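Visitor: Could you walk me through this model and tell me what the terms rest on? I would like to ask about the words as we go.

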Amino acid sequence: MAHRPLRGHDLAQRNVLMRPLPAADYDVVVAGGGNAGLCAAIIAAEAGARVLLAERATEASRSGNTRHTRNIRDSHPAADGFVSGPYPEAEFLADLESVTGVKNGELARLVIAESVSLASWMHGHGVAWQPPLRGTLGLSRTNHFFLGGGKALANAYYRELRRLGVEVRYETSVIDVVLDGGTCLGVVLALRDGARVTVPCRALVVAAGGFEANLDWLAEYWGPRAKGFVVRGTPHNDGTLLRVLLDRGARAVGDPKGVHAIAVDARGPSVDGGIVTRLDTIPLGIVVDRNGRRFYDEGEDLWPKRYAIWGRLIAERPGQLAYSIVDGPALERVIAPLYPPIEARSIDELAERIGVDRAALRKTIDAFGRAVVPGHYDPDRLDSCRTEGISPPKSHWARRLEAPPYFCFPLRPGITFTYMGVMVDRDARVQWHGEPVSNIYAAGEVVSGNILPTGYLAGLGLTIGSAFGRIAGRQAARHART
């Protein structure tokens, strides 16, 4: 059911009925304390705006999905000690187009152009870098890794907010928007003690995430299969504010069924497991479903360009479950996982241990072995090891599974964020079907559908959040201070 928009005369009534925050007169309210919201709050405060940041989580679990990240993709002209070489804007755009399958437009180019200054801006706001991780990631040239991971990144930004005098309120969420025609007059906050407070503001930045933690909402598009999803990040991204904006008339963008979902260890937690439950074993062996059958090319492309398709692929399989199988030599190249692999001395024993039909699994592995065309094996680039005469093929890194013991990792679809959000323009202003609201801006996951109709590049989520966070903060402060 759609919400009734609050009008100007409601504002005074709400302030009478609900306890206001002390001296609650803000230039900019930022909804959400993850990377995008933090960037927006920093930029707005540096521009002289009085900023309130509303973070739904506790202080200990603040910053949403950001605390589970570890790198950001950015265009840069040369190696700098933390990336191994240049990553031109044109190559960045070509990589993005290769994973989305479409020619990306103005906003994609804007994000890439903004990314050129991100590394220096982040470092200037307390973020430290580390050399790239080794293993199957292949990101040493394109991505900067932050020292200490996402929590360290967020902590650096929160220190900046403290220095700038930004008011941060934890366990506080924006649950409604006060509109008067084409203007946002304020927001309704839900406080930690259960109170509802209306707070006036001159501009609003929406950075409260998507709806990936709302399995009921996902089920509207995915049906019962949504119940098989693992929520990789924060449980707070349930789409509360996104739903409000869409009900008010904000223009939706992105596939409602679209999700960034990767393969995670099926033995991990159902929510907030983060990056440690991710498995990067798929290119090193084969993947079968519960029926013992392969169902997609495990070596289609370099892993950073294809890892984000596997969650959706597994979600389409029986029981939303699959198995990554490697042999001894391949296991040596696996980044240390959170849970040990299931080990067996033979294929038959492995089938029994994971509950897959022995004959079916043996048939799949034998057929795969016969199809392998030997070549020069190189896990760091697109090599010449492939299959012939089998469907689906394996385009690269195809090796026979013939060196026991065998190892298996059970996989489930781990959802990171949703693609459906609100349409924005170059100034991060939310677009509306009717009269546009002039002072509502958006950043982060809620705008990802403007850039990503499908597909993903490793580290791009933080790029989008950082770029639009800075734009939204800048424009919100400019609007509020004029």
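**Terms and what backs them**

Guide: Let's start at Ala428, which is found in the loop between β19 and β20 (440-442). Helices and strands here are DSSP runs (H or I over at least four residues for a helix, E over at least two for a strand), numbered from the N terminus. Please keep in mind that this is a predicted model, where local features need pLDDT of at least 70 and side-chain atom pairs count only at pLDDT 80 or more, while totals for chains, interfaces and linings use all residues. Residues are numbered from 1 along each chain as its sequence is written, and side-chain values use heavy atoms, with hydrogens and water left out.

Visitor: Why is Ala428 called buried?

Guide: Buried means under 20% relative accessible area, exposed means over 50%, and partly exposed lies in between (1.4 Å probe, protein chains only). Ala428 has 0% relative accessibility, so Ala428 counts as buried. Ala428 also has a positive phi of about 65° although it is not a glycine.

Visitor: What makes Trp397 buried, and where is it found?

Guide: Trp397 has a relative accessible area of 5%, and is therefore buried. Its place is the loop between β17 and β18. Trp397, again not a glycine, takes a positive phi of about 60°.

Visitor: Which peptide bond leading to Pro392 is cis, and what is its omega?

Guide: The bond that joins Ser391 and Pro392 is cis, with omega of about 0°. Pro392 sits in the loop between β17 (386-387) and β18. The Pro404 to Pro405 bond is cis too, with omega near 10°, and Pro405 is likewise in the loop between β17 and β18.

Visitor: How do you know that Arg429 and Asp425 form a salt bridge?

Guide: A salt bridge is a side-chain nitrogen of Lys or Arg within 4 Å of a carboxyl oxygen of Asp or Glu. The closest N and O atoms of Arg429 and Asp425 are 2.8 Å apart, so the pair meets the definition. Arg429 has a relative accessible area of 35% and is therefore partly exposed, whereas Asp425 at 17% is buried. Elsewhere, salt bridges that share partners join Asp25, Asp27, Arg202 and Arg481 into one network.

Visitor: What makes Arg169 and Glu167 a salt bridge, and why are they called partly exposed?

Guide: Their side chains meet at 3.6 Å, N to O, so this pair also qualifies. Arg169 has 23% relative accessibility and so counts as partly exposed, and Glu167 is partly exposed because its relative accessible area is 25%. A search of the whole structure finds 29 salt bridges.

Visitor: Why do the buried residues of α8 line one face of the helix?

Guide: In helix α8 (residues 240-248), the buried residues are Leu241, Leu242, Val244, Leu245 and Arg248. Looking down the helix axis, these residues fall within an arc of 160°, so they line one face. That arc is taken from the directions from the helix axis to the C-beta atoms. What covers the buried residues of α8 includes β1 (26-31), β7 (173-180) and β9 (196-206); contact means heavy atoms within 4.5 Å. Just after α8, Gly249 has a positive phi of about 120°.

Visitor: Which residues of the largest nonpolar core touch the most other members?

Guide: A nonpolar core is a set of buried Ala, Val, Leu, Ile, Met, Phe, Trp, Tyr and Cys residues joined through side-chain atoms within 4.5 Å. The largest one has 126 residues, and Val28, Met122, Ile440 and Phe468 touch the most other members. Helix α14 (residues 460-481) gives the most to this core, with ten residues. A second, separate core of 22 residues includes Val288, Ile325, Val372 and Cys408.

Visitor: How many residues of β14 are buried, and how do you know that β13 pairs with it?

Guide: Six of the six residues in strand β14 (residues 322-327) are buried. Two strands pair if DSSP finds at least two bridges between them. Four bridges join β13 (residues 286-289) to β14 in the antiparallel sense, so these two strands pair. On β14, Ile325 stands opposite Cys408 in β18, and Ile286 stands opposite Ile325. Six bridges join β14 to β18 (residues 406-418), and these strands also run antiparallel.
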